[in-house]
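Here is a walk through a model of protein and DNA. Begin with the nucleic acid, then turn to the way the protein chains meet.

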Number of protein chains: 2
Amino acid sequence: MSEREPKPGRPPRAVDVAAAAEVSTATVSRVFNNPEKVAPAIRERVLAAAKAMGWMPHAAGSALARRRSSIVGAVIPTLDNEVFAAQVGAMQAAFAERGITLLLSCFNYNQDQAVHDVQAMLARGVEALAIVGEAHRPELFASIQARHIPYVVTYSHRPGSPHACVGFDNRQAFHTIARHLLDLGHETIGVIIQPTAGNDRVAARLDGVRAALAERGLGVRPQHLREGEWSIDFGRQSVRAILATDPVPTAVICGNDYLAVGALLEARAMGLSVPRDLSITGFDDIAISRQLDPPLTTMHVDNHEIGRRAADYLLACLEGERPAAMPPLVPTLIRRGTAAAPDLPARPA
Amino acid sequence: MSEREPKPGRPPRAVDVAAAAEVSTATVSRVFNNPEKVAPAIRERVLAAAKAMGWMPHAAGSALARRRSSIVGAVIPTLDNEVFAAQVGAMQAAFAERGITLLLSCFNYNQDQAVHDVQAMLARGVEALAIVGEAHRPELFASIQARHIPYVVTYSHRPGSPHACVGFDNRQAFHTIARHLLDLGHETIGVIIQPTAGNDRVAARLDGVRAALAERGLGVRPQHLREGEWSIDFGRQSVRAILATDPVPTAVICGNDYLAVGALLEARAMGLSVPRDLSITGFDDIAISRQLDPPLTTMHVDNHEIGRRAADYLLACLEGERPAAMPPLVPTLIRRGTAAAPDLPARPA
DNA sequence: TTGTAGGCGTTATCAC
DNA sequence: GTGATAACGCCTACAA
């Protein structure tokens, strides 16, 4: 019909659609942004023309004119941990519903990388930012604040943090776990944990354990503390090392489920009975944890919920609301099969 | 110094930097895009001014003028499978090195969603696209081709596919697995697999198994074929169901490692000895597979490599090259502990 | 309800 | 080596 490609081989522009539909570019724009403001007949004509030539508003031009990019950024340590993958997946879905696309970047636990990533995203004009953890270089938050865009920190919820947070109190959570083991009667407890340097969440976890033990007059002996990359393999080698110390712990608290899975598998491979000979706890409740034999006692964190809440918070900010501070999520202790009372030799009466 | 914020509370623009450095905006632009074309002294002045006011080129404006968005899109089923998470992580890293940011979207195995996601990305001006699988609605590829942007299909490598692919031959891979079991002496083989509808990769896998069996005059009995969501739980319930059939298979081929892990754990929970009573194979070689007891026999796929190659291919296209078709990756059979010769009753002589 | 026209921030093409 | 200036594609007052 009234359809003419202007410069073939080149994506169509609004003017082309306007010409085809015999209207102005303003009307074309309105059809796509405020459809109710244009007469139905014309609207159809424009829509038809646009469809015929496969036109859709060009994001860069639109972003420039509108001064909105409809892009938000997510900055996470790595996708190789199902915890962060789940969070990102949920955020992506929540944003997609509102026509917002997600820019992703992984800083691999490297603080300089994180600063760099954030600045790159800022340059891309992200309208909001979600960042895992708050242990970042000051300039990271400074550059965000200089742009006056909303942001949220996930997985942390330190009381008194200056940032909007969606997460839980890591210290409290590990206090709970440690308390659980103490209540079962354990007194010699080992810890296998991720590197604490530059990771506020992990540092808080170790802190929580120490606090709980201290309340009973106990502590973590240096030889019972193993710090290293969160991997099943590190869990394995750590439990082996810890079991070779004296006194031998009756329980091991792991900084996350990957470590705990390793500890559990290795302990069993060594011929130990879990939990009789050794209690083991994890954190995160990853998919495999409930499947093992015995199933892992751990704390469940709803990562999809974290992603969703982070997205909702940012979305609200973008709508101009000033959402109230969010209460922390509370991870729940999942008592499964790897933690029980220690099998201590009967004490002389 | 000669530093003046023009309209405070508003991000600085190139003109502001230009004014502060007492040069033109053209020079400011050059400093950031062709530094070698500007005198060192002036360059420093501009850099200093930019730094002082925290300016960096605005992506939307730049994209418009340059006619390049420096954005590419990745379209995957879900991040909840570590296979895709790894691929995306590797792509993101490879692109980041070249100053390209990654737009992510998950279609959750829903073809309509995939079409929608791709079109949204196109509207965002992605310069290239990586898509998992080739079983998509025709309009998905049509809209990409209409834009004349490079794209690549990952995880598929069907001989004769019209698309550039980075992946492996799923049919061939499962032919290899099935052959392995046949060579061990299995004749009654069950299959637990993801939904084949709308998933070319899975359909090809089942095909490969059938072909290998057919070559020995065998087949997959209907009661031995279980098709459902890839989850550890579905693996568990399926192995239970298959073991209740007659004749009882001596081996089960699983469509991926999640299913196989479920099958293995459930078989053991039922008191079976693996592999003596039942051989089990997986596919993907996810992190947990080698850790189980016995460790899972599976095929290893280098997902990071897939992501990296996909990124390299697209990058090359963006440089104007016309890269040759890539040879398929070849997953390698990892013989671990879950596949062995069947423990058949001795046949009468 | 629709059209006109200016501007969004940067880059590229020219002159100088 | 540097500076005007015209795109780039779209949106939105404002005017009609």
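Of the 27 residues around DNA strand D, the nearest are Ala14(A), Thr27(B), Arg30(B), Ala39(B) and Ile42(B). Keep in mind that this is a predicted model. Of the atoms of DNA strand D that come within 4 Å of the protein, sugar and phosphate account for 70%.

Take the polar contacts on this strand one by one. Ser29(A) places a side-chain N or O atom 3.1 Å from a phosphate oxygen of DNA strand D. Ala39(B) uses its backbone: a polar atom there is 2.7 Å from a phosphate oxygen of DNA strand D. Arg30(B) reaches a base. A polar atom of its side chain lies 2.9 Å from a base nitrogen of DNA strand D.

Which elements build this surface? At least two residues each come from α2 and α4 of chain A and from α2 and α4 of chain B. The top contributor near DNA strand D is α4(A), with 5 residues. By class, the residues near DNA strand D are 14 nonpolar, 7 polar and 6 charged.

Now move to the other strand. DNA strand C is surrounded by 26 residues, and the closest are Thr27(A), Ala39(A), Ile42(A), Ala14(B) and Trp55(B). Sugar and phosphate make up 69% of the atoms of DNA strand C that come within 4 Å of the protein.

Here, too, individual contacts can be picked out. A backbone N or O atom of Ala39(A) sits 2.8 Å from a phosphate oxygen of DNA strand C. From chain B, Trp55(B) brings a polar side-chain atom to 2.8 Å from a phosphate oxygen of this strand. Arg13(B) also offers a polar side-chain atom, 3.3 Å from a phosphate oxygen of DNA strand C.

The elements that give two or more residues to the surface near DNA strand C are α2 (25-33) and α4 (59-66) of chain A, together with α2 (25-33) and α4 (59-66) of chain B. For this strand α4(B) gives the most, with 5 residues. The surface near DNA strand C has 14 nonpolar, 7 polar and 5 charged residues.

How are the two protein chains related? Chain A superposes on chain B after a rotation of 180° with 0.0 Å of shift along the axis, at an RMSD of 0.1 Å. That is the relation of a two-fold axis. Both copies use the same surface, and 100% of the contact residues of chain A recur in chain B.

Next, the interface itself. It brings 43 residues of chain A into contact with 43 residues of chain B. Between them, the chains bury about 3,600 Å², with 59% of it on carbon and sulfur atoms. Met56(A), Arg124(A) and Gln291(A) supply 18% of the area that chain A buries against chain B, more than any other three residues.

How many salt bridges are there between chain A and chain B? The count is 0. Polar contact is found instead in 18 residue pairs across the interface, both residues at pLDDT 80 or more.

On the chain A side, α4, α5 (82-97), β2 (101-106), α6 (111-123), α10 (232-243) and α11 (257-269) each supply at least two residues that touch chain B. The most come from β2(A), with 6 residues. This side of chain A divides into 22 nonpolar, 15 polar and 6 charged residues.

Terms used: Residues numbered from 1 in each chain as written. Chains lettered and ligands numbered in written order. Heavy atoms only, no water. Least-squares fit on C-alpha atoms with pLDDT ≥ 70 in both. Contact = heavy atoms within 4.5 Å. Near = heavy atom within 4 Å. Polar contact = N/O pair within 3.5 Å; in protein donor to acceptor, adjacent residues only side chain to side chain. Helix = DSSP H or I, 4+ residues; strand = E, 2+ residues; numbered from the N terminus. Nonpolar A, V, L, I, M, F, W, Y, C, P; charged D, E, K, R; others polar. Buried area = accessible area lost by both parts, 1.4 Å probe. Salt bridge = Lys/Arg side-chain N within 4 Å of Asp/Glu carboxyl O.
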